[in-house]
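Student: I have a model open and want to learn how to read it. Where do we begin?

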Amino acid sequence: MRSFQHTANPARVIFGAGTLSQLPDEIGRLGLSRVLVLATPEQEAGAQSLAGKLGARAAGVFSGARMHTPEETTEQAMAKAAEIRADGLVAVGGGSTTGLAKAIALRTNLPQIVAPTTYAGSEMTPILGETRAGKKTTLTSPKVLPEVVIYDVELTLSLPVAISVASGMNAIAHAVEALYARETNPIVSMMAEEAIAAMARSLPTIAKDPKEMEARGEALYAAWLAGVCLGSVGMALHHKLCHTLGGLFGLPHAETHAAVLPHALAYNAPAAPEAIARINRALGPRNAPSALFELAKSLAAKMALRDLGMPDDGVDRTVELALTNPYWNPRPLEREPLRTMLQNALEGRSP
Ligand code: NAD
């Protein structure tokens, strides 16, 4: 018998197809009457149309959400919220839009209703990454957890295949690292295994037919579970390396996760046999790191960090930074194996 602790983060979740139609009821349930609708510039049209449908309950739209939550953007959005006397936030978008809602909530305590349109999973975590003067810092606070999350599968149908694949692999990465996290427990492991299996099953169908509702539903369900995993336990080598690579070379978030994950898992595999057994159950009894590599590659994900913008001489700088900011990992961080692993990821070789 194993002893463990599990802390569940509070959240009201509504899941299904067409569930965004329940937004007015949810706004009412929270006692709100003047929400600010948040979006990225690319998703502004949808935000405007949603605000139109909400009528007087929506006091305004801010569509300047950007990747990595720059503090200037948060300040602009807060100025807008103050100007229109917003009493709540509605975020419809991926991790960038959710991040903006969380950053505003941290500073104002405004309640948040989040409708995710990618598989990033941020809506389920008390984690917020923000960028100040080009430097990204991460904090954890229950204040950033959304009050309500509306998963509406229809919102994901427009997510382009390439972003769906990268974002889906990002979700799988949350689940994989949760399996060998220091604080992992049977509840988190059960969700992680289910998330990996459901995402790996659905992505090939989505790549062929991005409007296939069953597969989209399964992927969003997997993203939800993976987000819970990310929000419940600490992450290790894979997430820290992706963070370092993003900061050093400005690499795109989800795509970097897809390219690094097989290599980070290969590095940790010798020290994480139980995690490997679970991943094998989810993906089939193959070499787990190669299976993830083949899955992403078969879906046309870019598997060479070089193709995502990492310079050829970037391996040593990344390893140096990984070693100077040590963190818990199931296998100790060792310079030479890390170099080999990152060189493989740079070149897009199978792990
Ligand atoms: P994103 O939110 O930046 O979205 C990528 C692009 O896809 C954007 O242009 C967006 O407008 C567009 N898009 C999103 N959904 C769409 C849809 N359904 N149809 C058409 N276009 C759509 O990307 P992301 O990968 O979801 O989020 C990345 C950000 O989230 C990063 O800043 C990352 O650090 C953060 N993140 C945070 C956590 C956390 O727990 N704090 C977890 C995961 C990611």
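What follows is a short dialogue on the nonpolar cores, a loop residue and the ligand site.

Tutor: One caution. This is a predicted model.

Student: Understood. How do I read a nonpolar core?

Tutor: Start with the general idea. In soluble globular proteins, nonpolar side chains tend to be buried together. Now the case here. The largest nonpolar core has 60 residues. Those with the most contacts inside it are Y119, M169, I172, V176, I196 and M199.

Student: Which helices and strands each supply at least two residues of this core?

Tutor: One strand is on the list, β8 (148-152). The helices are α5 (161-179), α6 (186-208), α7 (213-232), α9 (253-268), α10 (273-283) and α11 (288-298). Helix α6 gives the most, with 11 residues.

Student: Which domains does the core draw on?

Tutor: Domain 1 (12-156) and domain 2 (161-347) each provide at least three of its residues. Apart from this core lies another, of 22 residues. Among them are L245, A259, A322 and Y327.

Student: Back to Y119. What is Y119 in contact with, beyond its neighbours within four places in sequence?

Tutor: Read contacts as heavy atoms within 4.5 Å. With those neighbours left aside, the partners of Y119 include T156, L159, S164 and S167. M199, I206, R216 and L220 are also among them.

Student: T156 is on that list. Where is T156 found?

Tutor: In the loop between β8 and α5.

Student: Is T156 buried or exposed?

Tutor: Apply the cut-off: buried means under 20% relative accessible area. T156 has 0%, so T156 is buried. Its side chain reaches the backbone oxygen of V153 at 2.6 Å. Leaving aside neighbours within four places in sequence, T156 is in contact with P116, T117, Y119, R216 and L220.

Student: Now the ligand. Which residues come nearest?

Tutor: List the surrounding shell, then look at polar atom pairs. There are 23 residues around the ligand, and T40, S96, T117, T118 and T125 come nearest. Helix α4 (residues 95-108) contributes the largest share of the shell, 3 residues.

Student: Which polar atoms lie by the ligand's oxygen atoms?

Tutor: Take three cases. A side-chain N or O atom of T118 is 2.6 Å from an oxygen atom of the ligand. For T125, a polar side-chain atom lies 2.6 Å from a ligand oxygen atom. H68 uses its backbone: an N or O atom there lies 2.9 Å from an oxygen atom of the ligand.

Student: How much of the ligand's accessible area does the protein cover?

Tutor: On its own, the ligand has 860 Å² of accessible area, and the protein covers 86% of that.

How values were computed: Residues numbered from 1 in each chain as written. Predicted model: local features only at pLDDT ≥ 70, side-chain atom pairs only at ≥ 80, totals over all residues. Heavy atoms only, no water. Core = buried A, V, L, I, M, F, W, Y, C linked by side-chain atoms within 4.5 Å. Buried < 20%, exposed > 50% of the residue type's maximum accessible area, 1.4 Å probe, protein only. Helix = DSSP H or I, 4+ residues; strand = E, 2+ residues; numbered from the N terminus. Domains from an automatic or database assignment. Polar contact = N/O pair within 3.5 Å; in protein donor to acceptor, adjacent residues only side chain to side chain. Near = heavy atom within 4 Å. Areas by Shrake-Rupley, 256 points an atom, 1.4 Å probe, with all protein chains shown as cover.
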